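Let's take a walk through a protein together. Have the sequence and the 3D view ready, and follow along as we go.

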Amino acid sequence: MQSIKNLYSKATIAVFVHGRVGDCFHTTVRVRQGCLLSPTLFNIFLERVMVDALSEHSGTISIGGRTITNLRFAGDIDGLSGSEEELARLVTSLDQTASRHGMEISAKKTKLVTSSENPITTRITVAGKELETAQQLKYLGAIISEQGSKAEILARAAQTSAALGKLKSIWKDQNISFKLR
């Protein structure tokens, strides 16, 4: 751990502009973007935040007999719950724990989506700001909506149809052998 602290405390940076390197200087930023260690250090830090936030939370969503409270990819976190009240407690716990660790959850980027036909009626907040409920959103390339997988299936079917449409001329071209087609 001391090696990492020394690496960051003694490192200097310079700015490269118009083909020239400026003078070196120390930064006050703790973990530097672009540093090979940054993603690993961020994941360790975020894991600590999540462990602390979930220490007293018992989820109600079960997949294959295992309770699942969240899905994570890099800095994106999806909280999962079986009820609005559980979701509100989960969001509050994450918000308070992140704040204690010097992090802030962006209320602007955080959205609520339900897979129920009933809309979310509970006021769920982050840093005092009410979170917006979305009918659907795209997360890691997949559409998540209150209709379950329907929107995702329709989008992928449309993409497949478009791709096959672009190949139509190849399928019909008599100058291309059947085997090659």
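Which residues does Asp78 touch, not counting those up to four places away in sequence? Turn to Asp78 and you'll find Thr69, Asn70, Leu71, Tyr139 and Ile144 around it, where a contact means heavy atoms within 4.5 Å.

Before going further, a word on what you're looking at. This is a predicted model, with residues numbered from 1 along each chain as its sequence is written. Local features need pLDDT of at least 70 and side-chain atom pairs count only at pLDDT 80 or more, while totals for chains, interfaces and linings use all residues; side-chain values use heavy atoms, leaving out hydrogens and water.

Now zoom out. You can pick out five helices and twelve strands in the protein; these are DSSP runs numbered from the N terminus, with at least four residues (H or I) for a helix and at least two (E) for a strand. The radius of gyration is 24 Å, well over the 16 Å that the globule rule gives for 181 residues, so the protein is more spread out than a compact globule. (That radius is taken over C-alpha atoms, and the rule is 2.2 Å times the number of residues to the power 0.38.) Along the principal axes, the C-alpha atoms fill a box of roughly 70 × 55 × 30 Å.

How much of the protein is tucked away? Of its 181 residues, 20% count as buried, which is to say under 20% relative accessible area; over 50% is exposed, and partly exposed is in between (1.4 Å probe, protein chains only). The protein exposes about 13800 Å², and carbon and sulfur atoms supply 55% of that. Among contacts with a separation of 6 or more, 41% come from residues 24 or more positions apart.

Back to Asp78, which sits in strand S6 (residues 76-79). Asp78 is buried yet has no salt bridge, meaning a side-chain nitrogen of Lys or Arg within 4 Å of a carboxyl oxygen of Asp or Glu. The nearest side chain of opposite charge is Arg72, 10 Å away.

So what is Arg72 up to? Arg72 forms a salt bridge with Glu47, and their closest N and O atoms are 2.9 Å apart. Arg72 lies in strand S5 (residues 70-73) and Glu47 in helix H2 (residues 38-54), so this pair ties together parts that are 25 residues apart in sequence. Arg72 is partly exposed, at a relative accessible area of 37%, and Glu47 is partly exposed at 37% too.

Side chains of opposite charge can pair when their charged atoms come close. A search of the whole structure turns up four salt bridges. One of them joins Asp52 and Arg48 at 3.0 Å, N to O. Both of these residues lie in helix H2, four residues apart, or about one turn of the helix. Asp52 is partly exposed at 26%, and so is Arg48 at 42%.

Another salt bridge links Glu132 and Lys111, at 3.5 Å from N to O. Glu132 lies in strand S10 (residues 132-133) and Lys111 in strand S7 (residues 111-112), so the pair ties together parts 21 residues apart in sequence. Glu132 is partly exposed at 45% relative accessibility, as is Lys111 at 33%.

One last stop: Ser9, in helix H1 (residues 2-10). Ser9 is partly exposed at 47% relative accessibility. Its C-alpha atom is 8.6 Å from that of Thr27, 18 residues apart along the chain.

Note on methods
Accessible areas come from the Shrake-Rupley method with a 1.4 Å probe; for residues, only the protein chains shown count as cover. Lys and Arg count as positive and Asp and Glu as negative; His and the chain ends are not counted.
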